[in-house]
Amino acid sequence: MSTPSQDRELFELLDAYLDGELQDDQRAAVDGLLERSAQARTELAEIERVRSLVRGLPPVDAPFGFYERLVRRRTKVRGLAVATVGAVAAAIVLVLAISPVTDRVAPPVVDLGERHAMLASARAMPADYEPIDADATDGSMTPPPTAGAYRRMAVYDAPEGVHAIYDNGVAPVSVFEQTGDVDWDDLPVGGERMRMDGDEAWMMRTTTTSGAATEVVVMNHGSMVVTVVGTMTASDAVQLADAMPRPGRSLLDRAGDACEWVAEGFGFPR
Amino acid sequence: MPDQPDETPSWEQVAREHGQFLYTVAYRLTGNHEDAQDLVQDVLLRVQRGLATYQPGSLHGWLGRITTNAFLDDVRRRKRRPVEPLADDAERVVPGAPSADEAMDQANLPQHVQDALLQLPADYRAAVVLCDVVGLEYQEIADSLGIPVGTVRSRIHRGRAQLREVLA
């Protein structure tokens, strides 16, 4: 004889029963419930009806030419990536600048693009850059190993902060972060201002000397300024910026004790 | 449409030969063509990276898992930070006005079922879609979403219960 509470639990197994996902003893228990309860039989029939409705939904075709455009676009991106190796091409720049002083900051957008293109080519490094072993820095001040489809490839100690390269298998990416708020008036002409959940942001599309289209996205990220540069979609840029440690919540809090290498390396006042 | 290729398919094969399945799952999760196209683009990027480690087996199961996880990632990201479009970009595959075919598709869809799906919380919707659209078993769904099988069972039960209420 089952109790009402046991029956309630069995009612919750009706979907799994219908899907053939119960073990023998559970299935037997539900069989018993169905024998003695008209309500259970009705509910099972209802579940089956709804399940059939969902399973009966027809396939949906993408708009005409959708995949063809994607394939063409991918081919183009792949070609650009190859071209980048030999010259200066689009890539992605993630720069993380750490300073305990909040200031108004205008990221050197053009210069960052050049540096990041140089790093993306994997053939050279700016003279004032120094590689950082991100895995050996307690992870507290470094950009995360992954950001969505992007994987961190390298991190550098840059004059203004930290410069990290990511790659999603299509094109390398970088991020640049500086303490302070964006000095919007000091950004190059041609960009577009926007807001993201209360944070101001700025975006500009540029073309590198090799002809690759490059997005530059600058945004406030807590008390930091994050600049993302590279060939990417807008959502990729936002995803990368979003994945960065958010200062004030974790990054700066951990900077004091765990990231002396950043402060010392960058020469910022403490 | 072969679901279990003997060899690792190329990116183009996935896009061309399994595009309808991929798009169907994306559309069931997002409920509109614009977001479905964005999701498919995201998925194909992940597919490209994952092809090197793809183990021949149920390609649709694999694609369904990637699609659902990309969808849930996007849902979480939007919760943290609602995103406005950065800019019109001809290079991006941004949908324009619905084509005649697209409009006809929408008109022919059992829209009330799709609408009911969209009323489910994203986690429930993902479990139901993986089960009833992709056709994964509970253990596969659990592995895909990184949750216990009991949670999968619960989400499917509650998801379908909400569907029953909406579709009553």
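**Exercises on a predicted two-chain model**

Of the 270 residues of chain A, 51% count as buried (buried: under 20% relative accessible area, exposed: over 50%, partly exposed in between, with a 1.4 Å probe and protein chains only). The model is predicted, so local features need pLDDT of at least 70 and side-chain atom pairs pLDDT 80 or more, while totals for chains, interfaces and linings use all residues. Residues are numbered from 1 along each chain as its sequence is written, chains are lettered from A in the order in which they are written, and side-chain values use heavy atoms, without hydrogens and water.

**Exercise 1.** State how many helices and strands each chain has, and give the burial and contact figures for chain B.

*Solution.*
1. Helices (H or I, at least four residues) and strands (E, at least two) are taken as DSSP runs, numbered from the N terminus.
2. Chain A has nine helices and twelve strands; chain B has nine helices and zero strands.
3. In chain B, 52% of the 168 residues are buried.
4. Contact means heavy atoms within 4.5 Å. Among chain B contacts with a separation of 6 or more, 71% join residues 24 or more positions apart; the corresponding share in chain A is 62%.

**Exercise 2.** Check the length of helix α3 of chain A and decide where its buried residues lie.

*Solution.*
1. The helix covers residues 24–36, which is 13 residues.
2. The expected span is 1.5 Å times one less than the number of residues, here 18 Å.
3. From first C-alpha to last, α3(A) reaches 19 Å, close to that value.
4. Its buried residues are Val30(A), Leu33(A) and Leu34(A).
5. Seen down the axis, these fall within an arc of 95°, so they line one face of the helix; the arc is that of the directions from the axis to the C-beta atoms.
6. An α-helix has 3.6 residues a turn, so residues three or four places apart point the same way.
7. Asp24(A), Asp25(A) and Glu35(A), on the other side, are exposed.

**Exercise 3.** Describe the largest nonpolar core and the contacts of Tyr23(B).

*Solution.*
1. A nonpolar core is a set of buried Ala, Val, Leu, Ile, Met, Phe, Trp, Tyr and Cys residues joined through side-chain atoms within 4.5 Å.
2. The largest has 60 residues, and Tyr67(A), Tyr23(B), Val40(B) and Leu44(B) touch the most other members.
3. Helix α4 of chain B (residues 59–80) gives the largest share, eight residues.
4. Beyond four places in sequence, the contacts of Tyr23(B) include Val60(A), Pro63(A), Phe66(A), Tyr67(A), His33(B) and Val40(B).
5. Another core, apart from this one, has 22 residues, including Ala147(A), Ala164(A), Val228(A) and Met244(A).
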